[in-house]
Amino acid sequence: VNAMTYPVLNGFLESSYYFEMGTRALFSVGLAEDGQKFALKTIQLDPRNYVAWSSIAELGEANNQRPQAIPYRLKTTELDPNNPKVWVELMRDYKAAGKYKEARAAGNRAIPLLTGFSMSIFKYDAAMIKQELAQIPNA
């Protein structure tokens, strides 16, 4: 965190926009814990800020703590319900938590959103998700 971000972190600029930008900047340079602080402040100022909720969920994913990402990922599904990426990642979060019924439901929600195109940039496609679903134990 440099001198430019300290006033924001200390609340001098009470705008969700500045905190969202701080979240993105800190995550991009590997300062995840500071980025999480910014994301939480962004949520406090703007509870519907997708970037903040998603950033915290992705931090859990990156730290191999997928079960802890679930509440944040659930919010991303509420904020962007037609985004297949959030449903795929929620499926994986639930699977890691041993919540197989919920994992199947999230994966099944993603498939129609993926059908007909490939999100190759995210390495998601309907066939791959169907394979992942087949590997989830029965609830």
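Arg109 counts as partly exposed, because its relative accessibility is 41%, and I should say at once that this value, like everything else I will describe, comes from a predicted model. The residue sits in helix H7, which covers residues 100–114. If we set aside its neighbours within four places in sequence, Arg109 is in contact with Pro81 and Trp87. For Pro81, which lies 28 residues away along the chain, the C-alpha atoms of the two residues are separated by 9.4 Å.

Let me step back to the chain as a whole before returning to H7. The chain has eight helices and zero strands, so that, read from the N terminus, the order of elements is α-α-α-α-α-α-α-α. Of the 139 residues in the chain, 42% are buried. If we take the contacts with a separation of 6 or more, 49% of them are between residues 24 or more positions apart.

Now to the helix pairs, and I will start with the one that includes Arg109. Two packed helices are described by the angle between their axes and by the distance between those axes. Helix H6, residues 84–96, packs with H7 at an angle of about 160 degrees, and their axes are 8 Å apart. H6 and H7 are therefore roughly antiparallel to each other, the cut-off for that description being an angle over 145 degrees. The crossing in which H6 passes H7 is left-handed. On the H6 side, the residues that meet H7 are Pro84, Trp87, Val88, Leu90, Met91, Tyr94 and Lys95, while H7 contributes Tyr100, Glu102, Ala103, Ala106, Gly107, Arg109, Ala110, Leu113 and Leu114. By class, this contact of H6 with H7 divides into 12 nonpolar residues, one polar and three charged.

Staying with H6, we can look at its contact with H5. Here the packing angle is about 150 degrees and the axes of H5 and H6 are 9 Å apart, and H5 and H6 are therefore roughly antiparallel to each other. Their crossing is left-handed. The residues of H5 that make the contact are Arg66, Pro67, Ala69, Ile70, Arg73, Leu74, Thr76 and Thr77, and those of H6 are Val86, Trp87, Glu89, Leu90, Arg92, Asp93, Tyr94 and Ala96. Sorted by class, the contact of H5 with H6 has nine nonpolar residues, two polar and five charged.

The next pair is H4 with H5. The axes of helix H4, residues 50–62, and helix H5, residues 66–79, come within 8 Å and cross at roughly 155 degrees, and H4 and H5 are therefore roughly antiparallel to each other. The crossing of H4 and H5 is left-handed. In H4, the residues Tyr50, Trp53, Ser54, Ile56, Ala57, Glu58, Gly60 and Glu61 meet Arg66, Ala69, Tyr72, Arg73, Lys75, Thr76 and Leu79 in H5. That contact of H4 with H5 comprises seven nonpolar, three polar and five charged residues.

How many aromatic pairs does a search of the whole structure find? The search finds one. Trp53 and Tyr72 form that pair, with 5.8 Å from centre to centre and 40 degrees between the planes, and the arrangement is tilted. The pair links distant parts of the chain, since Trp53 is in helix H4 and Tyr72 is in helix H5, 19 residues apart. Is each of the partners buried or partly exposed? Trp53 counts as buried because its relative accessibility is 15%, whereas Tyr72, at 23%, counts as partly exposed.

I will finish with two buried residues elsewhere in the chain. Ala39 is in helix H3, which covers residues 32–45, and Ala39 is buried, with a relative accessible area of 0%. From Ala39 to Ser55 there are 16 residues in sequence, and the distance in space is 7.0 Å, C-alpha to C-alpha.

Ile136 lies in the segment after helix H8, which spans 126–134, and Ile136 counts as buried because its relative accessibility is 3%. Not counting residues up to four places away in sequence, Ile136 touches Met91, Lys95, Tyr100, Ala103 and Arg104. For Tyr100, which is 36 residues away along the chain, the C-alpha atoms of the two residues are separated by 6.5 Å. Among the residues touched by Ile136, Met91, Lys95, Tyr100 and Ala103 also take part in the contact of H6 with H7.

Terms used
Residues numbered from 1 in each chain as written. Predicted model: local features only at pLDDT ≥ 70, side-chain atom pairs only at ≥ 80, totals over all residues. Heavy atoms only, no water. Axes fitted to C-alpha atoms, helices over the stretch in contact; angles between N-to-C directions. Helix = DSSP H or I, 4+ residues; strand = E, 2+ residues; numbered from the N terminus. Parallel < 35°, antiparallel > 145°, perpendicular 65-115°, else oblique. Left-handed = near helix turned anticlockwise from the far one by under 90°. Contact = heavy atoms within 4.5 Å. Nonpolar A, V, L, I, M, F, W, Y, C, P; charged D, E, K, R; others polar. Phe/Tyr/Trp six-rings, centres within 6.5 Å; stacked < 30°, edge-to-face > 60°. Buried < 20%, exposed > 50% of the residue type's maximum accessible area, 1.4 Å probe, protein only.
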